[in-house]
Amino acid sequence: MANSNQLSKIPVIASPLPTFIEELYTKYQGLKEGTVANYIPELAKVNPNLFSICIVTVNGEVYEVGNYQQLFTIQSISKVFAHGLALEDHGRDYFLTRVGVEPTGEAFNAIILDEQSKRPYNPMVNAGAIATTNLIKGVDATERLNRMLDMFRRYIGHDVFVDISVFTSERTTGHRNRAMAHLMLNFGMIDPNIEESLDLYFQQCAVMVNCHDLAVMAATLANKGINPITQEQAVDSRYVRDMLSVMYTCGMYNFAGEWAYKVGIPAKSGVSGGILAVVPNQMGIAVFSPLLDARGNSIRGVKVCEELSQRLGLHLFECDNPLGKGEWQRE
Ligand code: DON
């Protein structure tokens, strides 16, 4: 058995992560391709040069670079967490009667429902996300919003707030989302009070986070639903697999297949420029950069995640892992 003298001779291997994310930050800072989202007028005002990368491990170690304290609206990344809350409120079987789990291969705002079941395809596209938010319980709009905000607090570790100007901007211009809600109401797939559900959906999209917060949220999902910083259980661990499965197949919209092939970890993007990615039992990754490609994914965010996955061997189906599963961690 090793005594303390022998143990002190074991070399301490510093984590490669700080140097690596600095390298990625420097490498991609000069990449200016893409455009900021402008279909929601408030989002068009963002500084396109903002850029940050943050990794939080399941042990609570934090590595971050760039504008990681810059606040932005969470947008579609909220759909992952609303999915978890709806599963907690209704269970897997009932949830599946209202929202499917099939990728669409279409844009996030496509107005389509499954021909036979009339369900929206999955909770990551707008139609499915609106139906998911519709399932969140509460006696009135205030209670539903408070339950949603409290859920975000558990994942992040501090109180969150809704950006009123983005919420109002989206509520005023969200005719497409309103059309989807009416279509689903026509088929009896959502409750009649659609304005209340749409407001809650617009509010969830307008919750303010920074890149650090997103990485803690991702690390919570990597850590069986337990926030690795506060140790609070943010979501029932039995639903984490549902959330990650849908992220894996549908989280990057009509880029989901290529993402699964190349990057190989569950992830979700939002039109404000965030990407949140989860390496189960290892770490949460977040990148923020508002310049988007035609599918609505952050261009630098995709590049950073591709390279992180490749260099650290994070692809879930990697057999020939260059570093060995989890060996990027400090000894
Ligand atoms: O419904 C919308 O259009 C936005 N609130 C969310 C869009 C979004 O982030 C889609 N993602 N790429």
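Visitor: Where does the ligand sit?
Guide: This is a predicted model, where local features need pLDDT of at least 70 and side-chain atom pairs pLDDT 80 or more, while totals for chains, interfaces and linings use all residues. Residues are numbered from 1 along each chain as its sequence is written, and side-chain values use heavy atoms, without hydrogens and water. A cavity here is a set of points on a 1 Å grid over the protein atoms alone where a 1.4 Å probe fits but cannot get out. With more than half of its atoms within 2 Å of those grid points, the ligand sits in the largest cavity.

Visitor: Which residue has a side-chain N or O atom 3.0 Å from a nitrogen atom of the ligand?
Guide: Happy to walk you round the polar contacts (N or O pairs within 3.5 Å). Ligand oxygen atoms lie 3.0 Å from a polar side-chain atom of asparagine 126 and 2.9 Å from one of asparagine 177. For the ligand nitrogen, the partner is tyrosine 253.

Visitor: How much of the ligand's accessible area does the protein cover?
Guide: Accessible areas come from the Shrake-Rupley method with a 1.4 Å probe. On its own the ligand has 340 Å². Of that, the protein covers 99%.

Visitor: How far apart are the C-alpha centres of domain 1 and domain 2?
Guide: An automatic or database assignment sets the bounds, giving domain 1 (4-75 + 208-329) and domain 2 (78-205). The shell around the ligand draws at least three residues from each. Between the C-alpha centres of domain 1 and domain 2, the distance is 23 Å.

Note on methods: Polar contact = N/O pair within 3.5 Å; in protein donor to acceptor, adjacent residues only side chain to side chain. 1 Å grid on protein atoms, 1.4 Å probe; cavity = no way out; pocket = protein on both sides within 12 Å on 5 of 7 lines; lining within 4 Å.
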